[in-house]
Each structure stands twice: as C-alpha cells, then as structure tokens.
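Good morning, and thank you for coming. I shall present one structure today, beginning with a pair of helices and then turning to individual residues. Please look at the model as I bring it up.

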Amino acid sequence: MIEKNEMFKKICQYLLLTFAITYLFWGLDIVLSCLGLYEHPAYNIGLVFYIIAACAPAIAVFTLWQKEYGRRGLHYFLKTVFGFHNPVIEPALMVVFLLIRFGIPFLFSDVRITGSWWQVVLFIPVMFLFGGFEEVGWRGYLQPVLEKKYGFIITTLINWAIWTVWHIPLCFIKGTYQYSGSYLWFAISLLASAFSLAALHSIKGSIMPCILFHAIGNAVVSYGLSISDGTGALISYGVQIIFAILVSYFCKRTSNEPLPE
C-alpha cells in the first residue's frame, strides 16, 4: 500500500510540475502569437518560452531528483541522461525504428524532400531542446514508474494519452505543425512514437537513444522530409507498434522480468 501511494505521489508530482511549466510558457507563446508577436520559430523571447516549455519534462525530473538521496546534483543528471548502457544494440535498434518510420512511407511515395541532409545533421543537436529532452520525463521517468504496475503495453498507452494532451497548446501557436495540420494524425503518429521510444528505453533503461530518436525524427521532418498523411504513414505506425512490442517482449524475457501485459 505504501509503495502504491509512493508511486501515485511520484506520478502526480511529475505531471503537475511538467504541465505547470509547459502550459505557462506555451501559454505565453499563445498570447504573443495572438498579438502577432510570435510565429514559431521566430528568434525572439517567444522562442525562449517555447524551449523552456518543451524542456519542462526534463526540468521536472531534475527538480524531483533533488529530493532523492543519490540522485541529487547536475553530475548525476547528466551522467544518467547522456549515455548508452549498450552502445551497440541501442543505437542499432534506434536506426531500425527510424528506418521503419521514414522508409515505409518512402516506399509508398508518400515522402517529399523539403530540405537537405546537411540541414538535418546540423539541426539534430538543436532538436534536443525542441523535443529530445522531453524523453527524460516521458520515457526516463514516467514510463518505468508506471510499468511496475501496468506492464509495457498499458503503460505506453497511458503515457501516450498524457503526452497527447500535453501537446495541445501547440495547436494555438502560429507556425507549428499542430497549428496548421491535423491533430488527429499527429496523435496517431505520437502513438507509434510512444511505442518506439518505450521499446528503446526497455532495452537497457537508457534515455539517450530515446532523446536521439526524438531529435533525429524532429530534424528530419523539419528540415529534410515531408511525409503525407496516408497509407504509407499508417503502415509505418502499425509496424513501429508491432516491432516495439516484440522488442519489449524479448527484453523482458531475456531479463527475467514480467512480460508485457
């Protein structure tokens, strides 16, 4: 009972802090956007607000870790976030998930080139601030806490639902995909990403492959490719989910942990 209450307390603290920071700063961007003073990614104070909001999950985790003995300080945070527990398997599977995500739509001719490879490479580190560091919270903190009770599949669905709600303010900020695109399609793509990212974290518990997958994906769709919402995308999402469940199943089986529910 005590353990269950502690889990619920951790989840509530994380979500309250994350949503408060995000909704405050994206809320400020919404106000600026309505006043015609910010259109993402304009280089003014609005961009600073955007980055703080996007990094809120990581900020929340860092803040909560300061209450836990052995997890305090910047050194522990950086050591935990930046690093692979298996520098061969984790990057390799990350590449496989990326190939599924972008390769299948390409096979269906649902991909249009909008930039160049050098722009993608150049902006990958930048995308740590525009999505990558979210993973410290969603996969690095919330996923393992929930998985102790609900298992891989149910936890990932819960995480996805919360993650989808968390992104809603972007629908009201000019210049974002969510402002001009279909939020339903965005939510479906988040479902596939949630499973892919959860599977990457389940391999050895590293956060870094999740951060890289998120950052590379954002860099590709922002500066390299445009994927149309169609058959290729749907098949890609389905394959990502199925492959993620298989990866999780294999990881749990080889580590003698409970299998996905």
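What you see is a predicted model. Let us begin with helix α7, residues 135-166, and helix α9: their axes come within 11 Å and cross at roughly 70°. Because angles of 65 to 115 degrees count as roughly perpendicular, α7 is described as roughly perpendicular to α9. On the α7 side, the residues making the contact include R139, F152, W160 and W163. On the α9 side, they include Y183, L190, S193 and H201. By character, the residues of this contact divide into 15 nonpolar, six polar and two charged.

I now turn to the nonpolar core. The largest one has 74 residues, and those with the most contacts inside it are Y14 and W138. Helix α9, residues 183-204, supplies the largest share of this core, namely eleven residues. As a general remark, nonpolar side chains in soluble globular proteins tend to be buried together. What does Y14 touch, leaving aside residues up to four places away in sequence? Its partners are P57, A60, V61, L64, G137, W138, Y141 and L142.

Next, consider H167, in the loop between α7 and α8. Is H167 buried or exposed? Its relative accessibility is 5%, and since buried means under 20%, H167 counts as buried. Beyond its neighbours up to four places away in sequence, H167 touches W26, E134, Q178, Y183, F186 and L190. In addition, a polar atom of the H167 side chain lies 2.8 Å from the backbone oxygen of W163. Measuring in space from C-alpha to C-alpha, H167 and A192 are 15 Å apart, with their positions 25 residues apart in sequence.

My next residue is Q240, which lies in helix α11, residues 231-254. With a relative accessible area of 1%, Q240 is buried. Its side chain is joined to that of S196 by a polar contact of 2.9 Å. Again setting aside residues up to four places away in sequence, Q240 touches F97, I100, R101, A192, S193, S196 and F213.

Finally, compare L16, in helix α1, residues 2-34. L16 has 64% relative accessibility and, because exposed means over 50%, it counts as exposed. L16 and I100 are 84 residues apart in sequence, and their C-alpha atoms are 34 Å apart in space.

Thank you for your attention.

Notes: Residues numbered from 1 in each chain as written. Predicted model: local features only at pLDDT ≥ 70, side-chain atom pairs only at ≥ 80, totals over all residues. Heavy atoms only, no water. Core = buried A, V, L, I, M, F, W, Y, C linked by side-chain atoms within 4.5 Å. Buried < 20%, exposed > 50% of the residue type's maximum accessible area, 1.4 Å probe, protein only. Helix = DSSP H or I, 4+ residues; strand = E, 2+ residues; numbered from the N terminus. Contact = heavy atoms within 4.5 Å. Polar contact = N/O pair within 3.5 Å; in protein donor to acceptor, adjacent residues only side chain to side chain. Axes fitted to C-alpha atoms, helices over the stretch in contact; angles between N-to-C directions. Parallel < 35°, antiparallel > 145°, perpendicular 65-115°, else oblique. Nonpolar A, V, L, I, M, F, W, Y, C, P; charged D, E, K, R; others polar.
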